[in-house]
Amino acid sequence: MMNFLKRIGLDPFILSLFGAIVLAWLAPSWGAEHENWSPAEVAGWGVGVIFFFYGLRLNREKLKVGLQNVRLHVLVQLTSFVLFPLLVLGIMALIDTQPHYYLWLGIFFMATLPSTVSSSVVMVSMARGNVPAAIFDASISSLIGVFVTPLWMSLFLTAGQGGNSLEEVIISLIFQVIVPVGAGMLLHRWWGEFAETHRRALNFFDQTVIIAIVYTSFCESFSMHMFDSVSWGLLAVLTIGMAALFFLVFGIVWWISHRMHFNREDRIVALFCGSKKSLVHGTVMSKVLVSDHTLTGILLLPIMIYHAMQLVVVSIIARRMASEQE
């Protein structure tokens, strides 16, 4: 069963995330505590460590190699930070979002997030695409997202409406993201090989922190009954909507990449890096942007569904593309 789940993209990490939500639903009180060294406090400190390790693994030489194809990189970044948000804004302008406002805010939040790093590169490699370009686009997307995601979210989330003030967001970004990434990049020369050698252990640490953040976020939301209005039918509609958004973006990028006469390898990078969204950045940014932590769980729900769905769908597409080359 586990081998089958891995083949369709549902690895133990994804299953653990949904297990954390079930645990938060069954026993929300412990994870919602805010005393010293509470689960939420520990998870918060883990964010800086995640980004330190990310900077430590960021190989500047590989980024230089991937820098050459400017048209490809522009398409990927515009897809992540312009096409996605504008599509969701267009949908929100056409319907009444008020009955489920924070769920729609979560969908828009998902649309503003950067691409994933590790899974994007793995999928591009599996489909036999341009791996150096994928490394560049996924890494640069993560850095751009630190600044662009808060700017997009400032359209809706302001101080007094569940969000932090701009000054608080900037300070949090500096100390939780920018400083750790910068420190990691500076130490890459000496510790970069150590980080690559122990990549699996560091990934396990990253995933553990993300699961802790998801658990504590959903504990707070469940304890304040934020999900009382979210029925199983609404969850089904949300899942279908996330899949529809994915295939819409995938189709648009496929058409544009053909019009721009990209070769097969570059087209794979545009499709896979442009259509994916990062759960890691979503969980981190939610802690930075939101002051009312009871909103965090419902804000993370769309990106969690999208993340699980994209892994399943893209892994199937990548394997099919690889088989076509055999």
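R128 lies in the loop between α8 (118-126) and α9, and in this predicted model the phi angle of R128 is near 65 degrees, a positive value in a residue other than glycine. With a relative accessibility of 39%, R128 counts as partly exposed, because that value falls between the 20% below which a residue is buried and the 50% above which it is exposed.

A second loop can be read alongside this one. H261 is found between α12 (232-259) and α13 (264-275), and its phi angle is near 60 degrees, again a positive value in a residue other than glycine. At 69% relative accessibility, H261 counts as exposed, since the cut-off for that word is a value over 50%.

Returning to the loop that holds R128, the reader can follow the chain from there into α9. At the start of this helix, a side-chain oxygen of N130 reaches to within 3.3 Å of the backbone nitrogen of A133. Helix α9 covers residues 131-153, and its 23 residues, counted at 1.5 Å a residue, should span 33 Å; the C-alpha atoms at its ends are 31 Å apart, which agrees with that expectation. Along its course the helix nevertheless has a bend, of about 45 degrees, which is placed at G145.

The next topic is the surface, where F147, I170, I171, I174, F175, I178 and V179 form a nonpolar patch, with about 640 Å² of accessible area together. Which helix gives the largest share of the nonpolar patch? That share, six residues, comes from helix α10, which runs over residues 166-197. One of the patch residues is F175, whose place is in helix α10; its relative accessible area is 60%, and F175 is therefore exposed, as the value is over 50%.

Another phenylalanine has a contrasting setting. F51 is placed in helix α4, which comprises residues 39-57. Is F51 buried or exposed? Its relative accessibility is 4%, so F51 counts as buried, the limit for that word being under 20%. The C-alpha atom of F51 is separated by 5.3 Å from that of V181, although these two residues are 130 residues apart along the chain.

Definitions and conventions:
Residues numbered from 1 in each chain as written. Predicted model: local features only at pLDDT ≥ 70, side-chain atom pairs only at ≥ 80, totals over all residues. Heavy atoms only, no water. Patch = residues over 30% accessible without salt bridge, like charges linked within 9 Å, V, L, I, M, F, W, Y side chains within 5 Å. Areas by Shrake-Rupley, 256 points an atom, 1.4 Å probe, with all protein chains shown as cover. Salt bridge = Lys/Arg side-chain N within 4 Å of Asp/Glu carboxyl O. Helix = DSSP H or I, 4+ residues; strand = E, 2+ residues; numbered from the N terminus. Buried < 20%, exposed > 50% of the residue type's maximum accessible area, 1.4 Å probe, protein only. Expected span 1.5 Å × (residues − 1). Bend = angle between axes of the 7 residues up to and from the residue. Polar contact = N/O pair within 3.5 Å; in protein donor to acceptor, adjacent residues only side chain to side chain.
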